[in-house]
Amino acid sequence: MEFYRNHILVCTGEPCVLKGALEVESILLTELQKQGLENEIRVIRTGCLGPCNVAPVLVVYPEGIYYSGVKPGDVQEIVAEHLVKGRPVTRLVGTDVEKRVDVVYQVPQILTGQERVVLRNCGIINPDEIVEYIGRGGYEALGKALIHLKPEEVIEEVKSSGLRGRGGAAFPTGLKWSFTASGEEKYLICNADEGEPGTFKDRLILEGDPHAVLEGMAIAGYAVGAEHGFIYIRGEYTLSIERVQRAIDQARKLGLLGKNIFDSGFSFDVEIRVGAGAYICGEELALIESIEGKRGEPRYKPPYPGQTGLWGKPTVVNNVETLANVPHIIEQGAEWYKSIGTPGSPGTKVFTLTGNIKNEGLIEVPMGITLREIIYQLGGGIPDGHSFKMAQTGGTAGGCLPPEMLDVPMDYDELAKVGSALGSGALLIMDDRHCIVDLLKCFMRFFNHESCGKCTPCREGTPRLLELIEKIMDGTAVKADLDLMAKLAENMEISSLCGLGQSSPKPVLTLLEYYQHEFLAHIEDKKCPAGVCKKLQVKGVV
Amino acid sequence: MVTKVVEKFRTMKTPLLSILKELQKDQGYLTEEVLKEVAKELGLSPARVYGVATFYSLFSVTPKGKYIIRVCESAPCYINGTMNILEMLQDELKVDVGETTLDGLFTLELTSCLGVCGVAPAIMVNEEVYGNLDREKLSHLLSRCRGM
């Protein structure tokens, strides 16, 4: 074992890579070598640290100093001042690149108030090194499950933990596992077809801690009796595919995947399947069709995948974040898990903060935290002196909430009560400069493109909704069109075949309910209050 | 060519998507001949293979430019100014969405969320993603593609 006086963590999550983290890393290595420090200071690549809006981020340990917005030109100074002379470069420390705070030893605001279970290794370990995962207790839960627990005991533990599916549908995971039919051949699928707009948590979990997902898959496979696992990753997620493949190879080499794991008699292996660009494939039966080499169109239910899934065999499909929770539940127990979050939604949730918010990025917080706490404490509020207008929870298929609802607790049941959903954990924050109708058009254009066309309510409903929205923006709509929109949306919700058509009406219905005045301003006064709808602006001036 | 790629995925069950992905690398799109040959090799109907090739947005059955620029039009990028990026590209390349430049270098497309909302607005050029775009970065990127 080698010892180093400092460790420098370089975040290599996709956002940091896009902002030049690898270039910064390479200059850092050169500078350390120039100073003869390469044997004293170790540079480690990690997954996402969270504060994506101030990428690229470096952390220097043991001091725990965060440098944000580091440019290649800053590296020499960090090495010369901090690592040689021991004086942290204060101008680079802090949360805000523009107004670099002169406080040393301060972690970015977005990282305070979090409770990290799923992300406990993200930004701490090198995702490309299985030994670092093992060094943090990785694969112990798998060992515990295989050696000390029967499959039904694993299911019981997960059931009593109250863990619910983190992909959006929130179905109790243990219950889903217990519904799996018996059979010789079964499959376990990890759904990594993360396509909900505004969501990038699964990407950053896969890129930051791929072994947590593999370990969760192996435990789930053991619980339901599946020896073959598939991980279906979006074709656009090149870096995730690369890192997961490396993780699979390393786990196989150490016998943590493959035949007879821990000499328990249980065998489990994982194969990656890459998507080819279709939002609908995030729906579990469409995903199964896609693995079977077909168009990703959802099937009728029942039969559910637990009975007749991939290639006609019993199949369990779980989301990335759901599976990443599993090792912690097995290791620390259902009681511990239930002590976090709310009674109906135990545990933590990973959220992605986007839009008009100061600290965009990835956070993990206990369920039940309010929207206000997320936006104003972790998120740092609305930038540039603007005010909060709307938050959409759960992605583009989620509901839109007005300022009066900032105190709603973020859990499955509470959000459902106000017509929204926790969904994938995407949080889109919008300030007062934007127009509700214009944004709804953006949402509906997306669904219009992604509707697969199999069932009539969704295939015909989405383009009609889009037309009505365009009429409002053109100034040709009448008040009765709003009722028509609501009726159409309600019909889609109850009669569409899959989750796409059942949830795409959510933004329509919530916006119609909470922002009726803004729709009416467009229709009756022919004005766009935010001044965005161009065809109305001219008339609105009169 | 087709036989070789099919052979590569012989051990994989229902490998159609992986095969099409690999074959598309050759010419940037899937020709009718290639699709027919794949169908024959896998014992599937040509209609089934064509159906799959036209369902997924990362497959194409028509020629594309050397660089396919996909502009993210999902809400987080939209709020952060995707439309400006799109207008800049339309001006600069003199093509509309879905079209290819006369020199065959660029195809302009829209895409749904790329999952890099932390650096919105974002675009994808072939397999690479670029974020936090503005006019300067965009023209730098285009010149690099043009080899200037």
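Helix H21 of chain A, residues 516-523, has 6 of its 8 residues buried, so the rest of the structure largely encloses it. The buried ones are A:Glu518, A:Phe519, A:Leu520, A:Ala521, A:His522 and A:Ile523. Please keep in mind that this is a predicted model.

**A second covered helix, H11(A)**

Helix H11(A) is also mostly covered, with 8 of its 8 residues buried. They are A:Glu284, A:Leu285, A:Ala286, A:Leu287, A:Ile288, A:Glu289, A:Ser290 and A:Ile291. What do these buried residues pack against? Within chain A, the partners are helix H7 (173-178), strand E5 (187-192), strand E6 (228-233), E7 and strand E8 (315-319), and chain B adds its helix H2 (16-27).

Both ends of H11(A) have something to look at. At the N-terminal end, A:Glu283 acts as a cap, with a side-chain oxygen 2.9 Å from the backbone nitrogen of A:Leu285. Just after the helix, A:Gly293 adopts a positive phi of about 80°.

**A buried histidine**

A:His211 belongs to helix H9 of chain A, residues 210-224. Is A:His211 buried or exposed? Its relative accessible area is 1%, and since buried means under 20%, A:His211 counts as buried. The side chain of A:His211 makes a polar contact with the side chain of A:Tyr139 at 2.9 Å. A:Tyr139 also appears among the contacts of A:His211 beyond its neighbours within four places in sequence, along with A:Pro127, A:Ile130, A:Tyr133, A:Ala247, A:Gln250 and A:Ala251.

Here are three of the atom-level details from chain A and its partner, side by side:

| Residues | Kind of feature | Distance |
|---|---|---|
| A:Glu283 and A:Leu285 | N-terminal cap of H11(A), side-chain oxygen to backbone nitrogen | 2.9 Å |
| A:His211 and A:Tyr139 | polar contact between side chains | 2.9 Å |
| A:Arg445 and B:Glu73 | salt bridge, N to O | 3.2 Å |

**Where chain A meets chain B**

How many residues of each chain take part in the contact? There are 55 from chain A and 38 from chain B. The size of an interface is often given as the accessible area lost when the parts come together. For chain A and chain B, that buried area is about 3,600 Å², with 59% of it on carbon and sulfur atoms. On the chain A side, A:Leu18, A:Ala276 and A:Arg295 lose the most area to chain B, together 15% of what that side buries.

Turning to polar features, 19 residue pairs are in polar contact between the two chains, both residues being at pLDDT 80 or more. The salt-bridge count is 1, and A:Arg445 and B:Glu73 meet in a salt bridge through their side chains.

Several elements of chain A give two or more residues to the side that touches chain B: helix H1 (14-18), strand E7 (269-274), helix H11 (284-291), strand E9 (348-355), strand E13 (426-431) and helix H16 (436-450). H16(A) supplies the largest share, 7 residues. By class, this side of chain A has 23 nonpolar, 16 polar and 16 charged residues.

**Chain B on its own**

Chain B has 7 helices and 4 strands, which run α-α-α-α-β-α-α-β-β-β-α from the N terminus on. Its C-alpha atoms fill a box of roughly 50 × 30 × 25 Å along the principal axes. Of the 148 residues in chain B, 53% are buried. Among contacts in chain B between residues at least 6 apart in sequence, 56% link residues at least 24 apart. The accessible surface of chain B is about 7,200 Å², and carbon and sulfur atoms account for 51% of it.

Key: Residues numbered from 1 in each chain as written. Chains lettered and ligands numbered in written order. Predicted model: local features only at pLDDT ≥ 70, side-chain atom pairs only at ≥ 80, totals over all residues. Heavy atoms only, no water. Buried < 20%, exposed > 50% of the residue type's maximum accessible area, 1.4 Å probe, protein only. Contact = heavy atoms within 4.5 Å. Buried area = accessible area lost by both parts, 1.4 Å probe. Salt bridge = Lys/Arg side-chain N within 4 Å of Asp/Glu carboxyl O. Polar contact = N/O pair within 3.5 Å; in protein donor to acceptor, adjacent residues only side chain to side chain. Nonpolar A, V, L, I, M, F, W, Y, C, P; charged D, E, K, R; others polar. Areas by Shrake-Rupley, 256 points an atom, 1.4 Å probe, with all protein chains shown as cover.
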